[in-house]
Amino acid sequence: MERVPDEDGLDGLRPLLEAPDAVLGYEPNAPEHGFADGCWVLHTLRVDGQRVCWSEALAGAGRQLADWPGTLSNLVFDERVRPAGEVEWPQLGAPDRDCLARLVEVLARHSADGPGTACCFASAAIEDLLEPVEAHRGRLDEAVAHHDADPSGCRFPAHWWPSDRSWFVLTNYDLNATEVFGPPALIADLLADTELEAVRHPRIVDVAPGRPRWPA
């Protein structure tokens, strides 16, 4: 995976990724992007070392994610729905390694050149507000190795997409879930995958600002 020059237009997306309202990540909601569907992939939650679905953890407190009024962050697990045990919270700002590896596998099935599909990976503007957005180009299957270069995941690109723009992945810097946009077949595959926890949930743009709380 190679760093691209700052003057690279990033397939025409650089102005959007560097816009003031995209400082935490750019969500491609405009009709001209042409994405027919979308869903969220929840980052891995572990309790006592074991993976636990968000839905299972919430069900234990009599809650369901469909009732959550905000974006998908650790705020979902407030004091009323905090899992019992030693909790490893879902990773913030980037998918964890297991989640990323499986997401890459699913994306590869819906990409022109499979795992070898040429992609662009671009950071969120907030990582360095005074500089152009940092970006790399490489193969889809290089994403996991790129993540491994910084195990914290803190600098894993917020946005990535193939050169044909058939899908788009966003992890907002403040969230614990990754948003995927693309054709219905891709989204259906993600929602049905048993190794990921993918859900339908309102887009960032559709959620009211402010600190969300569970309904009384």
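Contact here means heavy atoms within 4.5 Å. The model described is a predicted one. By that contact criterion, and leaving aside neighbours within four places in sequence, Leu-190 touches Cys-39, Val-41, Leu-103, Val-106, Val-180, Leu-196 and Ala-198.

Leu-190 belongs to the largest nonpolar core, a set of 25 residues. Leu-107, Trp-160, Val-180 and Leu-190 have the most contacts inside this core. Several elements each supply at least two of its residues: strand E2 (37-42), helix H3 (97-109), strand E6, helix H4 (143-148) and helix H5 (184-192). H3 gives the most, with 7 residues. A second core is separate and has 18 residues, including Ala-57, Trp-68, Phe-77 and Ala-177.

Aromatic side chains were examined next. The structure has 9 aromatic pairs. In one of them, the ring centres of Phe-121 and Trp-160 lie 5.9 Å apart. Their planes meet at 20 degrees, so the pair is stacked; the cut-off for stacking is under 30 degrees. Phe-121 sits in strand E6 (residues 118-122) and Trp-160 in strand E8 (residues 159-162). The pair therefore ties together parts that are 39 residues apart in sequence. Phe-121 and Trp-160 are both buried. Trp-161 and Phe-168 also form a stacked pair, with 5.6 Å between centres and 15 degrees between planes. Both of these residues are buried as well. Trp-161 and Phe-168 are further joined with Phe-35 and Phe-181 in a cluster linked by ring pairs.

Strand pairing brings E6 together with E7. These two strands run antiparallel and share 5 bridges. Within this pairing, Ala-122 has Ala-135 of E7 as its bridge partner. E7 (residues 135-139) also pairs with strand E1 (residues 2-3), again in the antiparallel sense, through 2 bridges. Here Arg-3 stands opposite His-136 of E7.

Charged side chains add further links. The structure holds 14 salt bridges. One of them joins Arg-137 to Asp-11, with the closest N and O atoms 3.4 Å apart. Arg-137 lies in strand E7, whereas Asp-11 lies in the loop between E1 and helix H1 (14-17). The pair therefore ties together parts that are 126 residues apart in sequence. Arg-137 is partly exposed, with a relative accessible area of 27%. Asp-11 is also partly exposed, at 29%.

Arg-46 forms a salt bridge with Asp-98, and their closest N and O atoms are 2.7 Å apart. Arg-46 is in strand E3 (residues 46-47) and Asp-98 in helix H3, so the link spans distant parts of the chain, 52 residues apart. Asp-98 is partly exposed, with a relative accessible area of 47%.Helix H3 also takes part in a salt bridge to helix H5. Arg-109 of H3 and Asp-189 of H5 form this pair, with the closest N and O atoms 3.0 Å apart. The two residues are 80 places apart in sequence, so the pair ties together distinct helices. Arg-109 is partly exposed, with a relative accessible area of 48%. Asp-189 counts as partly exposed at 21% relative accessibility, because the buried class ends under 20%. Finally, Arg-102, Glu-105, Asp-193 and Glu-195 are linked in a network of salt bridges.

Technical notes. Residues are numbered from 1 along each chain as its sequence is written. This is a predicted model: local features need pLDDT of at least 70, side-chain atom pairs count only at pLDDT 80 or more; totals for chains, interfaces and linings use all residues. Side-chain values use heavy atoms; hydrogens and water are left out. Rings of Phe, Tyr and Trp (its six-membered ring) pair if their centres lie within 6.5 Å; planes under 30 degrees apart count as stacked, over 60 as edge-to-face and the rest as tilted. Helices (H or I, at least four residues) and strands (E, at least two) are DSSP runs, numbered from the N terminus. Buried means under 20% relative accessible area, exposed over 50%, partly exposed in between (1.4 Å probe, protein chains only). A nonpolar core is a set of buried Ala, Val, Leu, Ile, Met, Phe, Trp, Tyr and Cys residues joined through side-chain atoms within 4.5 Å. Two strands pair if DSSP finds at least two bridges between them. A salt bridge is a side-chain nitrogen of Lys or Arg within 4 Å of a carboxyl oxygen of Asp or Glu.
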